[in-house]
Amino acid sequence: MNFKKLCVIGLGYIGLPTASTFAAHGLQVVGVDVNPRVVETLRNGGIHIHEPGLRTLVEAALKSGRLTVREKPEEADAFIIAVPTPFYEDRFGEYAGQRYRRADMRAVTAAAESIVPVLRPGNLVVLESTSPPRTTMDLVAPVLEKSGLRAGVDFFLAYSPERVLPGQILRELIENARVIGGVTPASARAGRDLYAAFVKGEIIETDATTAEMVKLMENTYRDVNIAIANEFARLAERFGVDVWEAIRLANLHPRVRILSPGPGVGGHCISVDPWFFVEAAPDLTPLIAAARRVNDDQPRYVVALVQRALGALGGRNIAVLGLAYKPDVDDLRESPAVTVSRLLQEEGARVRAFEPFKPQAEVAGVTTMATLEEALREAECLVLLVRHSHFVALQPTEVAAMTPARLAVDTVNAWPEETWQKAGFRLYRLGVGGG
Ligand code: SAJ
């Protein structure tokens, strides 16, 4: 099939890069967002998300006239839905006495509904939002069929998960393999024809529910693997072992690849997606649910470690290094580092946090400082929560000159014990027992 005009609904972290990449490859693209602020910012030449290279790409797409921005979809050959699927903050399910989180699918439903009036025979609709299994078949198809057209018969419908890594979105959009699941084989083929406009990685056709599961499985696999690493860290502390060394040695085995412990799992994918499985089948997912709880509990575990290092936390001055959800990004969403900082503050500590990738960040419940010096000035204890390259490179002798603190807690295995000890610090490390 030959696609000339495309509507991308949702201009966020995925939708905007996708829309502008299609425009750069010759399609006429209408970008749609229900948020008037997003539409206005883009129309005025601004951009509301940070991603290397994105500003230039969006500017070029707008200037060429191949990307336009609207608040509602219009007739097109194909539609992509790339809206958020968060979970409800205030609604939970319960199974066997345990609570689990529930997906908020309202944005997907609304996006599908907005397509209904402009859907025409022969169109293709692709859902990209990460969703619980069967969403394409059981939620999106019935909504679109309100048009009187039948999914897989009168129009093509497919699910294609985005799998790009924040910070490298533009490259990975093009280079990564892409799975396209159709409600019929012809729908998957139509999806392939659309994405072939720019995808250089392999394009694999499958059915819609398989494609949904693939995405959730990738992130759930990672979450469970991190949970076991976090449990190994707790075990190592109890048994007087250095978990980082133990993991290194275990990973020498050709079929073992244990991930790294840390202060918890953040971001908007890995800490969210496994719940979609739990919600869809709580009776079948005790392991996935347990892994989620282990990782969600890890910030509390880190606070207990700080308490062991420092003693009672009330009134103590603590410098927190790093608030991002992972190394070398400026993204603070669902960040375990933010949770640790809040918990420390709730325990009565006076926290001063510094995030080098967002020094001006304002975070509810956390006192942030614009420079490392300010965060360190009155500290009694340093708590390292993100393995930013900038922090790994810190020289303990230089740090010692900036702070009266001689106590440090490293939760990400960034600081070698020996050099920090030589500089006068007592170093506590997550996952290292016996100290
Ligand atoms: N983390 C650990 N230990 C590790 C690795 C990560 O504690 O060994 C933590 C990180 O610090 C972070 C969280 O896990 O808080 C998640 O970080 P990440 O780098 O594992 O993943 P994301 O959320 O940035 O991106 C993931 C990617 N999925 C996989 O690697 C399977 C990405 O490809 C997906 O596109 C993205 O989720 C998504 O959108 O689903």
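Me: What makes the pairing of the Y325 side chain with an oxygen atom of the ligand a polar contact?

Reply: An N or O atom in the side chain of Y325 is 2.5 Å from that ligand oxygen. The cut-off is 3.5 Å between N or O atoms. The value is within it, so this is a polar contact. Keep in mind that the model is predicted.

Me: How do you know that K215 makes a polar contact with the ligand?

Reply: Apply the 3.5 Å limit again. A ligand oxygen and an N or O atom in the K215 side chain are 2.7 Å apart. That is within the limit, so the pair qualifies.

Me: Which part of S260 faces a nitrogen atom of the ligand, backbone or side chain?

Reply: The backbone. One of its N or O atoms lies 2.7 Å from the ligand nitrogen. With the limit at 3.5 Å, this too is a polar contact.

Me: How much of the ligand's accessible area does the protein cover?

Reply: It covers 85%. The ligand on its own has 770 Å².

Me: Which residues come nearest to the ligand?

Reply: K215, N219, R222, C269 and Y325, out of 20 around it. Those 20 have a heavy atom within 4 Å of the ligand.

Me: Which helix gives the most to the shell, and what is the shell's make-up?

Reply: Helix α8, residues 208–239, gives five residues. The shell as a whole has nine nonpolar, four polar and seven charged residues.

Me: Why is T130 called buried?

Reply: Its relative accessible area is 10%. Buried means under 20%, so T130 passes. T130 sits in the loop between β7 (124–127) and α5 (135–144).

Me: Which residues touch T130, beyond its neighbours within four places in sequence?

Reply: T85, Y159, E162, K215, L216, D273 and F276. Each has heavy atoms within 4.5 Å of T130, which is what contact means here. One of them, K215, also has the polar contact with the ligand.

Me: What makes β11 and β14 paired strands?

Reply: Pairing needs at least two bridges. Four join β11 (residues 317–321) to β14, so they pair, and they run parallel. V320 stands opposite V383 in β14.

Me: How do you know that β14 also pairs with β15?

Reply: Three bridges join β14 to β15 (residues 407–410). The minimum is two, so this is a pair, again parallel. L384 has D410 in β15 as its bridge partner.

Me: Which way do the residues of β14 point?

Reply: C381 and V383 point one way, L382 and L384 the other. All are buried.

Notes:
Residues are numbered from 1 along each chain as its sequence is written. This is a predicted model: local features need pLDDT of at least 70, side-chain atom pairs count only at pLDDT 80 or more; totals for chains, interfaces and linings use all residues. Side-chain values use heavy atoms; hydrogens and water are left out. A polar contact is a pair of N or O atoms within 3.5 Å; within protein, one must be able to donate a hydrogen and the other to accept it, and residues adjacent in sequence count only if both atoms are side-chain atoms. Accessible areas come from the Shrake-Rupley method with a 1.4 Å probe; for residues, only the protein chains shown count as cover. Ala, Val, Leu, Ile, Met, Phe, Trp, Tyr, Cys and Pro count as nonpolar, Asp, Glu, Lys and Arg as charged, and the others, Gly among them, as polar. Buried means under 20% relative accessible area, exposed over 50%, partly exposed in between (1.4 Å probe, protein chains only).
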